[in-house]
Amino acid sequence: MNNNAIVNGTDSPGSASGDKRDLLALLKLIKKYNLKQTEELLCQEANIRSEELEDLDDKEISSLLTSALGDNQENNASGTTIHAGSENDPEFYDTVYGELRNFVDESLDIYKHELFMVLYPILVQIYFKLVSTGYAKPARDFVEKYGPDLDYYYREDLQNLLLITKRSDLENNDFVTAMETDKFIIRMSRDAHSLFKRHIQDRKQELIADIVAKYLHFDTYEGTARSKAQCDATAGSLIGEARRQDNKIRVYYGLLKEVDFQSLTTPAPSVVEEEDDNDPDAPDKPKKKKPKKDPLFSKKSKSDPNAPAMDRIPLPELKDADKLEKLKALREASKRVPLNKDSLPSVCLYTILNSYHSVTCAEISEDSYMMAVGFTDSSIKVWSLTPAKLREMKTAEHLKDIDKDAEDVLVRMMDDRTGEAARTFYGHSGPVYRCAFAPEKNMLLSCSEDTTIRLWSLHTWTCIVVFKGHLFPVWDVRFSPHGYYFASCSYDKTARLWATDSNQPLRIFTGHLSDVDCVQFHPNSNYIASGSSDRTIRLWDVLNGQLVRLMTGHKGSIYALAFSTCGRYLASGSSDHTVLIYDLSHGQLVTSLVRHTGSIHTMCFSRDGTILAIGGLDCYLTLWDFSKLAEDYIAQNSNASHNPEINEGDTYLLRAFPTKCTPFLTLHFTRRNLLLAVGTFKA
């Protein structure tokens, strides 16, 4: 058998010597790759001695390969292998995608919006194929031709896509990895999906069929197709939409039962007193009055059927000082001003001057006594918001003289002579991105660009622990509402759970396709929410590290998260200027709050859960009627269907407060529902 017979399909007797040279070149190539058995068989069959191979140089091998490839391309051009040749032609991709787009445009309106969602992932995969085969210019022309037809929220992705111009750019690229390793999820009615499959089969679009099989996942459902608004509401993330299966696991969103404070405040009556009261020999003796119950603690907290068991995760036991602090908080809460649309909160704004480019974050303690501010120069400054000074603990010699059994032992431990209005922490080697006060008010957490998390003592005003584990800058850190645990998130695409007494993370939550920008603990401490630049929000179970909710809908990076006071709802703020409210019981979107014109970096629910305050970089503070929003949502008897109606959020806006030129860093409701805000003046 000779090479001309293979390539041209004819046998020429005059080319026998040329055929032998071709075989020699082929043998030389086989020998180069050390294919010994193949070499022996071919030498035996073609009757060629190994000495003859030495007369052949590498140039002849190259000319043989060039000739064979050239002949093959001619055959492709003549139509011998149409499919393979077509995929090497950029116009083929343009034609196939153009036919698909025309099919979507000509579809019935009821199916068009769902079918339109397949265009973006297919366009991206075609671009990758063109770049990988060396057609950078046709690939760019392809995106510039069809990209403007796609939804507005994909424009940034398409701009990033055009930065990939070489085959080497496809390697170690987050966007490419997200699109190729995780299938793009599209929720579609069964009728629309059948229509799409029939089009591919009828037109024999093998390229589209291959892309769909490898890179797309259709989450089909029975029922009518969704409208344009319903499709857009949950679209926009790097993975497409969340599958319904991702949100099937039960979430215990209820609050933990509070400690019975009545037993702590009212001493039990002694047996002697009871005997005296019932003494028959002294009938005229006045009976002792029973101590009155404090109405604040007389109401027993009911157990929430949606709450997790108290021992589901190990929580720290309350110390006597913690119990007293809880009592103090409850007494303050009894003086709380009830908020509603007719009684809005007063707002106190702390403006930090001459520091717009140097301040990175701010945080206010739970009892509203202290404020911590992080700076780009790696320092942290803590201010007292009350006349009380920030005191330091006494030295070890002076602590020996203190009565350890005294009720005010913590007060006696502090040295009044060291009181200052503000104190500064130094230790980080990069900008500080977040601070968080411990619920016990004795510690402060901070995270930095230097990849570390530091735990500071608010008694000795020194660094206690440096937590190392993240590989890149740490964007956010938050304490659990019950203390002891804290969560962090980083540019390394992970969120982590830590404990203050361990220098290693207890859980590492992986799954996000881009850096995780913010984390937040659920009020019952059993769950952690994380928001990412992949435009998804994930809810993780602290007990086992499992992903229990996946929520989509944002069109930009997510920078702020806040759980409602009742624990059922989660609010998220993003660079797309919107705030989305999700129902954690089903993981579905409740409504979208649109009013701001800048990124949302801070949100806060009032202590009674009736008002949601939102602060943006557009220098506006908005107040929303959350109690009315939740009532309307529940009244609709919404269930976890495939196409719930999304409420219009504009109707719940109560008030918008503009500042002169101060973007908001943080918001905080005091125990009496006074709203505190912190911002930096932008000169």
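Helices here are DSSP runs of H or I with at least four residues, numbered from the N terminus, and a cavity is a set of grid points where a 1.4 Å probe fits but cannot get out. In this predicted model, the largest share of the lining of the second largest cavity, 3 residues, is supplied by helix H14. The protein as a whole contains 21 helices and 32 strands, and the briefing below takes up its overall make-up, its enclosed spaces, one open pocket, a strand hairpin and a single helical residue.

**Overall make-up**

- Of the 683 residues in the protein, 47% are buried, while the accessible surface comes to about 34,800 Å², with 50% of that area belonging to carbon and sulfur atoms.
- When contacts between residues at least 6 apart in sequence are considered, 61% of them join residues that are at least 24 apart.

**Enclosed cavities**

- Rolling a probe the size of a water molecule over the atoms shows where empty space is left.
- A search of the whole structure returns 2 cavities of 30 Å³ or more, the largest having a volume of about 50 Å³ and the second largest holding about 30 Å³ of space.
- The largest cavity is lined by Phe116, Met117, Tyr120, Leu150, Asp151, Tyr153, Tyr154 and Phe184, a set that by class comprises 7 nonpolar residues, no polar residues and 1 charged residue.
- Around the second largest cavity the lining consists of His113, Phe116, Met117, Asp151, Tyr153, Lys228, Cys231, Asp232 and Ala235, which divide by class into 5 nonpolar, 1 polar and 3 charged residues.
- Phe116, Met117, Asp151 and Tyr153 appear in the linings of both cavities.
- Helix H7 (109-116) and helix H14 (228-234) each contribute at least two residues to the lining of the second largest cavity, and the largest share, 3 residues, comes from H14.

**The second largest pocket**

- The second largest pocket has a volume of about 610 Å³ and is lined by 21 residues, among which Thr360, Tyr433, Arg434, His601 and Leu665 lie nearest its centre.
- At least two lining residues of this pocket come from each of strand S4 (359-364), strand S10 (432-437) and strand S31 (664-669), with S4 providing the largest share, 4 residues.
- By class, the lining of the second largest pocket is made up of 11 nonpolar, 6 polar and 4 charged residues.

**Strands S26 and S27**

- Strand S26 (residues 600-605) has 5 of its 6 residues buried, and it is therefore largely enclosed by the rest of the structure.
- S26 runs antiparallel to strand S27 (residues 611-616), to which it is joined by 5 bridges; within this pairing, phenylalanine 605 has leucine 612 of S27 as its bridge partner.
- The hairpin formed by S26 and S27 has 5 residues between the strands, and in this hairpin glycine 609 takes a positive phi near 80°.

**Valine 411**

- Valine 411 is found in helix H20 (residues 409-413) and has a relative accessible area of 49%, so it is classed as partly exposed, given that the exposed class begins only over 50%.
- Arginine 391 lies 20 residues from valine 411 along the chain, and the C-alpha atoms of these two residues are separated by 9.9 Å.

Note on methods: Residues are numbered from 1 along each chain as its sequence is written. This is a predicted model: local features need pLDDT of at least 70, side-chain atom pairs count only at pLDDT 80 or more; totals for chains, interfaces and linings use all residues. Side-chain values use heavy atoms; hydrogens and water are left out. Buried means under 20% relative accessible area, exposed over 50%, partly exposed in between (1.4 Å probe, protein chains only). Two strands pair if DSSP finds at least two bridges between them. On a 1 Å grid over the protein atoms alone, a cavity is a set of points where a 1.4 Å probe fits but cannot get out, and a pocket is an open set with protein on both sides within 12 Å along at least five of seven lines; lining residues have an atom within 4 Å of a point. Grid points are joined across faces, edges and corners, and a volume is the space filled by probe spheres set on the points. Ala, Val, Leu, Ile, Met, Phe, Trp, Tyr, Cys and Pro count as nonpolar, Asp, Glu, Lys and Arg as charged, and the others, Gly among them, as polar. Contact means heavy atoms within 4.5 Å. Accessible areas come from the Shrake-Rupley method with a 1.4 Å probe; for residues, only the protein chains shown count as cover.
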